[in-house]
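Biologist: Could you pick one part of this model and take me through it closely, then show me what sits around it? Keep it informal, but give me the numbers.

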Amino acid sequence: MKHTAANIDHNNAVISIRGLEKSFGDYDVLRGIDLDLYQGENLVVLGRSGTGKSVLIKLISGLLRPDKGSIKVLGNDVLMLSTKELQELRIRIGFSFQNSALYDSMTVRKNLEFPLVRNRKGITRGEIDNAVETVLDAVGLSQTINQMPSELSGGQRKRIGIARTLILNPEIMLYDEPTAGLDPITCIEINDLINEVQQRYHTSSIIITHDLTCAKSTGDRIAMLLDGQFQRVGKFDEVFATDDERVKPFFDYNFIQ
Amino acid sequence: MDKAGTTTSREKKPGSSLKKRLTNVFVDLYKVGSFTGRFFKEAFLPPFELKEFMRQCYEVGVRSFPLISLTGFIVGFIFTKQSRPSLTDFGATSWLPSLVSIAVLKALAPLVTALIAAGKVGSSIGAELGSMRVTEQIDAMEVSGTKPFKFLVCTRILATTITIPLLATYSALIALVGGFLNVAQNEGTSYSAFMQSAFEPITFTDITASLVKAIVFGFTIGLVGCYQGYNSNKGTEGVGKAANNAVVIAMFLVFIEEVLIVQIAGWFR
């Protein structure tokens, strides 16, 4: 499936980042990042390993605190929120982790129920079952409902990880390396799933990756993160239409039809 | 020092390492204090994770049953056997039941149970939470609007605090059975005579002190295991370190607490 950019609202930024800085010890990971994610948009953040891509979405979700700058998510200043307010905001954000982060001790069903029963007071057993079946159907893995995470393949784990975030009907999706460690066919399936999720759940997404196939097939806009800053932001072809020696090799070493 | 005799930036000033270590100790103490405070703040406020708490009680209590039974029996049996020659010299073998009960109820049962639990339960908690930390499962709970501290930490600390005193009580009874079998085999003492003489010297303060000790040990083992696991980092190496630290630190603290509680209990006698 090819992603379409028809429903992007360029007047409504669901995430707005200004002057974001983050260091770990002496290492400056992010050096003054500015970024807007618009309603209905899939924004891909590209960059080499260790450039701070994952740090960026952990800052957005409040898992890390920046040294400087501001982060507004759905109109809320993340850095000014109380613990309770941050918890409420997080329900509106889906976070798909690089290694899926499924709970080892729980079955797929329990993994999916976990966030639901804790965030929807008074939800009935029937509603829980219905929600679980709906998201499993959305990711095409209804048959795995009673399996343990250890019994799933890498691609299935990614899908269940995405299903677990979808169960709370998030408005924003953050994908951390969704195709890392997967074979090319499964990568294509995951890319299709990201586009399906965007259309079915009307989400706005930030996709962190260094896989150009993923970037091209899912991204409405690409932001190239280099040396702690976004060096190039735009459509896929615009970003790579450059002689910049830091950007060109990234394109050259990836095979794209 | 360079040729001019000035200290270069690479050379450490004398005492800087000690200062850094001392600072780290205080920083760690502050972190442990905050962690403990957070437990008391969150553990007794709704919503309660009752199901997970029961699961942890099962993991800590029921799964430790065979090991505690075996060690309790061996402690009672061997202690009685090893004490006999000294008492025989004074013709005081009739004191064996009270000697065993004093040793077991006042010191051995809570201490041995705590040491076994530190090894079995503490390491398991440290490794499990450490592994959840490095595989981002705790972060996943955090970003899905749930409270991982309440679900993972509070339930485990409460489970060890409640279950380890029960295990210690059970261990004491099994140890007395071990002691009785040895006494019955050698002296032909009846069960009722053994129990009567075993409980004669035991006071209410002794039992209370033992129970308090076991509760404190249980809390310590849960707290240390959870703290090490929850704050684990550096990948798989960190998981191993968390499990190891959970055992070593818990055992060390159990001995310190043993000394302190025995001293405090002495003031009430």
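Modeller: Sure, let's take helix 6 of chain A, residues 184-201, and start with its length. With 18 residues at 1.5 Å a residue, helix 6 of chain A should span 26 Å, and its end C-alpha atoms are 25 Å apart, which agrees. Keep in mind that this is a predicted model.

Next, which way do the side chains go? The buried residues of helix 6 of chain A are Cys187(A), Ile190(A), Asn191(A), Leu193(A), Ile194(A), Val197(A) and Gln198(A). Looking down the axis of helix 6 of chain A, these buried residues fall within an arc of 155°, so they line one face of the helix. The general rule behind that kind of pattern is that an α-helix has 3.6 residues a turn, so residues three or four places apart point the same way. On the other side of helix 6 of chain A you find Ile185(A) and Arg200(A), both exposed.

What does the buried face pack against? In chain A, the partners of the buried residues of helix 6 are strand 3 (42-46), helix 5 (154-166), strand 7 (172-176), strand 8 (204-209) and helix 7 (212-218). Just past the end, helix 6 of chain A is followed by His202(A), which has a positive phi, near 55°.

Strand 7 takes us on to the nonpolar core. The largest nonpolar core has 125 residues, and those touching the most other members are Val45(A), Ala163(A), Leu174(A) and Ile221(B). The biggest giver to this core is helix 4 (residues 96-134) of chain B, with 19 residues. If you want to zoom in on Leu174(A), leave out residues up to four places away in sequence and its contacts are Ile57(A), Ile60(A), Ser61(A), Ile93(A), Gly94(A), Phe95(A), Ser96(A) and Ile206(A).

Elsewhere in chain A there's an open sheet of four strands, in the order 2-1-4-5, with antiparallel pairing. Strand 2 and strand 5 (76-77) of chain A are its edges, each pairing on one side only. Walk across it from strand 2: strand 1 (residues 9-24) and strand 2 (residues 27-39) of chain A pair antiparallel over 10 bridges, and Phe24(A) has Tyr27(A) as its bridge partner in strand 2. The hairpin these strands of chain A make has two residues between the strands, and Gly25(A) takes a positive phi near 65° there. Then come five bridges between strand 1 and strand 4 (residues 68-73) of chain A, again antiparallel, where Glu21(A) is bridged to Lys68(A) in strand 4. Finally, strand 4 and strand 5 of chain A are joined by two bridges and run antiparallel, with Lys72(A) opposite Asp77(A) in strand 5.

As for the two chains, their contact takes 10 residues from chain B and 17 residues from chain A. The side of chain B that touches chain A divides into two nonpolar, five polar and three charged residues.

For contrast with the buried face, try a couple of spots in chain B. Leu22(B) sits in helix 1 (residues 16-43) of chain B and is exposed, since 11 other C-beta atoms lie within 10 Å. From Leu22(B) to Gly91(B) it's 69 residues along the chain and 55 Å between C-alpha atoms. Asn233(B) is in the loop between helix 8 (204-230) and helix 9 (235-268) of chain B, and Asn233(B) is exposed because just 12 other C-beta atoms lie within 10 Å.

Terms used: Residues numbered from 1 in each chain as written. Chains lettered and ligands numbered in written order. Predicted model: local features only at pLDDT ≥ 70, side-chain atom pairs only at ≥ 80, totals over all residues. Core = buried A, V, L, I, M, F, W, Y, C linked by C-beta atoms within 7 Å. Buried ≥ 20, exposed ≤ 12 C-beta atoms within 10 Å, placed from the backbone. Contact = placed C-beta atoms within 7 Å. Pairing = 2+ DSSP bridges. Nonpolar A, V, L, I, M, F, W, Y, C, P; charged D, E, K, R; others polar. Expected span 1.5 Å × (residues − 1). Arc of directions from axis to C-beta.
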